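Work through the exercises below with the sequence and the 3D view open. Try each task before reading its solution.

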Amino acid sequence: MSVLTDFKVSTSGRWTKLVLSYALRGFARCTSLIPIKKRRIVCISHRFPCEYSDSPRYIAERLISEYPGIFEVYWITDNLKKHEYLKASGIKLVRYRSIREFLVSNTSQIHISNLFGPSFY
């Protein structure tokens, strides 16, 4: 008997869980190969859809004013044109739920958010 005939996919879903667990393990190993940038900070506010507000805003502004040029601060937003003025202060903008957000979030050492738990998964 083969392994595939032993599973009852339609009733238990064990085959689907097995494939998904191996896929997630492989994905986790690939992302662990990406180096972490120690001076990179990612900020996101969940007050409205990714607005520039609340505690992450004030922390980011304080970091830039107290330590100019030391940290690489990114702000995740869903409207890049609305927050274009932040580039003048040294904050880099990243579109919410984009591939670039995934890369920036996974390579930064510090994440600042006003949401309990990870803000980017």
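Helices (H or I, at least four residues) and strands (E, at least two) are DSSP runs, numbered from the N terminus. This is a predicted model, in which local features need pLDDT of at least 70, side-chain atom pairs count only at pLDDT 80 or more, and totals for chains, interfaces and linings use all residues. Residues are numbered from 1 along each chain as its sequence is written, and side-chain values use heavy atoms, with hydrogens and water left out.

**Exercise 1. The fold in outline**

State how many helices and strands the protein has, and give their pattern along the sequence.

Solution. Step 1: the count gives 4 helices and 4 strands. Step 2: in sequence order the pattern reads α-α-β-α-β-β-α-β. Step 3: 26% of the 121 residues are buried, where buried means under 20% relative accessible area, exposed over 50%, and partly exposed in between (1.4 Å probe, protein chains only).

**Exercise 2. Two sides of a helix**

Find which residues of helix α3 are buried and which are exposed.

Solution. Step 1: α3 covers residues 54-66, 13 residues in all, and spans 19 Å from its first C-alpha to its last, close to the expected 18 Å. The expected span is 1.5 Å times one less than the number of residues. Step 2: Pro56, Ala60 and Leu63 are buried in α3. Step 3: viewed down the axis of α3, the buried residues fall within an arc of 65°, so they line one face of the helix; the arc is that of the directions from the helix axis to the C-beta atoms. Step 4: on the other side of α3, Tyr58, Arg62 and Ser65 are exposed. Step 5: the buried residues of α3 pack against β1 (37-44), β2 (72-77) and β4 (108-113), with contact meaning heavy atoms within 4.5 Å.

**Exercise 3. Two residues of strand β2**

Describe the surroundings of Tyr74 and of Thr77.

Solution. Step 1: Tyr74 is in strand β2 and, with a relative accessibility of 5%, counts as buried. Step 2: the C-alpha atoms of Tyr74 and Val42 are separated by 4.8 Å, although the two residues are 32 residues apart along the chain. Step 3: leaving aside neighbours within four places in sequence, the contacts of Tyr74 include Arg40, Val42, Cys43, Ile91 and Val104. Step 4: the side chain of Tyr74 also makes a polar contact of 2.7 Å with the side chain of Glu72. A polar contact is a pair of N or O atoms within 3.5 Å; within protein, one must be able to donate a hydrogen and the other to accept it, and residues adjacent in sequence count only if both atoms are side-chain atoms.

Step 5: Thr77 also lies in β2, and its relative accessible area of 0% makes Thr77 buried. Step 6: not counting residues up to four places away in sequence, Thr77 touches Cys50, His83, Leu93, Val94, Arg95 and Tyr96. Step 7: the side chains of Thr77 and His83 are joined by a polar contact of 3.3 Å.

**Exercise 4. Aromatic rings**

How many aromatic pairs does a search of the whole structure find?

Solution. Step 1: the search finds 3 aromatic pairs. Rings of Phe, Tyr and Trp (its six-membered ring) pair if their centres lie within 6.5 Å; planes under 30 degrees apart count as stacked, over 60 as edge-to-face and the rest as tilted. Step 2: one of the pairs is Tyr52 with Tyr85, edge-to-face, at 6.3 Å centre to centre and 80° between the planes. Step 3: this pair links distant parts of the chain, with Tyr52 in the loop between β1 and α3 and Tyr85 in the loop between β2 and β3, 33 residues apart. Step 4: Tyr67 and Phe71 form another edge-to-face pair, at 5.9 Å and 90°. Step 5: Tyr52, Trp75 and Tyr85 form one aromatic cluster.

**Exercise 5. A threonine in helix α4**

Is Thr107 buried or exposed, and what does Thr107 touch?

Solution. Step 1: Thr107 is found in helix α4 and is buried, with a relative accessible area of 7%. Step 2: not counting residues up to four places away in sequence, Thr107 touches Ile34, Pro35, Ile36, Lys37 and Arg40. Step 3: the side chain of Thr107 makes a polar contact of 2.5 Å with that of Arg40. Step 4: a polar atom of the Thr107 side chain lies 2.8 Å from the backbone oxygen of Leu103.
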